[in-house]
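Me: I would like to go through this structure and ask how each label is justified. Please set the value against the cut-off each time.

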Amino acid sequence: MSTAAAPVRSLRAGTVLADLLPASRTRDIALVVGGAALTGLAAQLSVPVPGSPVPVSGQTFAALLVGTALGARRGFLALALYAVAGMAGVPWFAQATSGYGMPSFGYILGMLLASTVVGALARRGADRSVLRTAGAMVLGSAIIYAVGVPYLALATGMSLGQAIAAGLTPFLIGDALKAALAMGALPAAWKLVGRKG
């Protein structure tokens with residue numbers, strides 16, 4: 001009887017994908033550390049952008065995926081661990097960098113906030129259909145830019161227009177592709193565990 005009740009309980013509203021694993025403190029620690037590591041690994045998929053101190057990387061996609069899959073609290077903790085370890089010298093920011101003095105550090109702060117917001121939205125079912133997932137990813141990306149672009153302007157002395165040209169415009173096509181990946185992957189994951197989006 002308990003085996004039949006568990007799947008029904010685990011797929012109820014307010015559940016994120018990580019909640020499908022058996023609950024324990026060890027699970028939560030592993031998910032937080034794994035989310036930070038995934039973001040650090042994805043950050044190494046990095047390509048410099050001519051004329052911009054900000055590279056195209058996989059870390060924004062990973063940060064949004066971590067927040068959505070883990071939920072707001074664990075997503076926040078995973079990205080906080082990623083940020084703090086990187087500030088302390090772990091070379092897992094984009095292009096194997098670390099520290100907080102780089103012009104792109106504002107994007108990392110934005111990812112911390114965005115992972116929390118998309119995690120909260122996922123608890124409300126934002127990851128269970130293509131359109132809702134698209135909305136969550138667009139909002140998460142907007143949050144990252146809302147923090148990252150002004151930080152870039154302050155850190156480099158660029159005007160806001162220059163910072164938008166260097167730190168936003170070149171990344172829009174890539175962000176659309178990342179959102180499309182998430183739009184397919186997250187609802188499909190729910191369908192695999194028996195929940196239709």
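Reply: Ready; note that this is a predicted model. One place to begin is R128, which lies over the face of W190, at 3.7 Å from the ring centre.

Me: What makes R128 count as lying over the face of W190?

Reply: The distance from the ring centre is 3.7 Å, and the cut-off for a charge over a ring is within 6 Å, together with a position within 35 degrees of the ring normal. R128 is therefore listed as lying over the face of W190.

Me: How many salt bridges are there, and what makes D19 and R123 one of them?

Reply: A search of the whole structure finds seven salt bridges. In the pair D19 and R123, the closest N and O atoms are 2.5 Å apart; the limit is 4 Å, so the pair qualifies. D19 sits in the loop between α1 and α2 and R123 in helix α5, 104 residues apart, so the pair links distant parts of the chain.

Me: Why are D19 and R123 called partly exposed?

Reply: The relative accessible area of D19 is 21%, and that of R123 is 30%. Buried means under 20% and exposed means over 50%, so values in between are called partly exposed.

Me: Which salt bridges does D28 form, and how do you know that they qualify?

Reply: D28 pairs with R73, the closest N and O atoms being 3.7 Å apart. D28 lies in helix α2 and R73 in helix α4, so this pair ties together parts that are 45 residues apart in sequence. D28 also pairs with R74, where the closest N and O atoms are 3.0 Å apart. R74 is in helix α4 too, so this second pair ties together parts that are 46 residues apart. Both distances are within 4 Å, so both pairs are salt bridges. Salt bridges that share partners join D19, R27, D28, R73, R74 and R123 into one network.

Me: Are D28, R73 and R74 buried or exposed, and why?

Reply: D28 has a relative accessible area of 17%, and R74 has 3%. Both values are under 20%, so D28 and R74 are buried. R73 is at 52%, which is over 50%, so R73 is exposed.

Me: What makes Y82 and F93 an edge-to-face pair?

Reply: By the pairing rule there are five aromatic pairs. The ring centres of Y82 and F93 are 5.2 Å apart, within the 6.5 Å limit. Their planes are at 70°, and over 60 counts as edge-to-face, so the label follows. Y82 is in helix α4 and F93 in the loop between α4 and α5, eleven residues apart. Y82 has a relative accessible area of 0% and F93 has 1%, so both are buried.

Me: Why is the pair of F93 and F105 called tilted?

Reply: Their centres are 6.2 Å apart, with 55° between the planes. That angle is neither under 30 degrees nor over 60, so the pair counts as tilted. F105 lies in helix α5 and F93 in the loop between α4 and α5, so the pair ties together parts that are twelve residues apart in sequence. F105 is buried, as is F93. Y82, W92, F93, F105 and Y151 form one aromatic cluster.

Me: How do you know that the length of helix α6 agrees with its residue count?

Reply: Helix α6 covers residues 130-156, which is 27 residues, and at 1.5 Å a residue the expected span is 39 Å. The end C-alpha atoms are 38 Å apart, so the two values agree. Just after α6, G157 takes a positive phi of about 80°.

Me: What makes S115 buried, and which residues does S115 touch?

Reply: S115 is found in helix α5. Its relative accessible area is 0%, which is under 20%, so S115 is buried. Not counting residues up to four places away in sequence, S115 touches A63, G67, G75, F76 and L79. The side chain of S115 also reaches the backbone oxygen of L112 at 3.0 Å.

Me: Why is the link between S129 and R132 called a polar contact?

Reply: The two side chains come to 3.0 Å, and the limit is 3.5 Å, so the distance fits. S129 lies in the loop between α5 and α6. At 17% relative accessibility, S129 counts as buried.

Notes
Residues are numbered from 1 along each chain as its sequence is written. Side-chain values use heavy atoms; hydrogens and water are left out. Helices (H or I, at least four residues) and strands (E, at least two) are DSSP runs, numbered from the N terminus. Buried means under 20% relative accessible area, exposed over 50%, partly exposed in between (1.4 Å probe, protein chains only). A polar contact is a pair of N or O atoms within 3.5 Å; within protein, one must be able to donate a hydrogen and the other to accept it, and residues adjacent in sequence count only if both atoms are side-chain atoms. Contact means heavy atoms within 4.5 Å. The expected span of a helix is 1.5 Å times one less than its number of residues. Rings of Phe, Tyr and Trp (its six-membered ring) pair if their centres lie within 6.5 Å; planes under 30 degrees apart count as stacked, over 60 as edge-to-face and the rest as tilted. A salt bridge is a side-chain nitrogen of Lys or Arg within 4 Å of a carboxyl oxygen of Asp or Glu.
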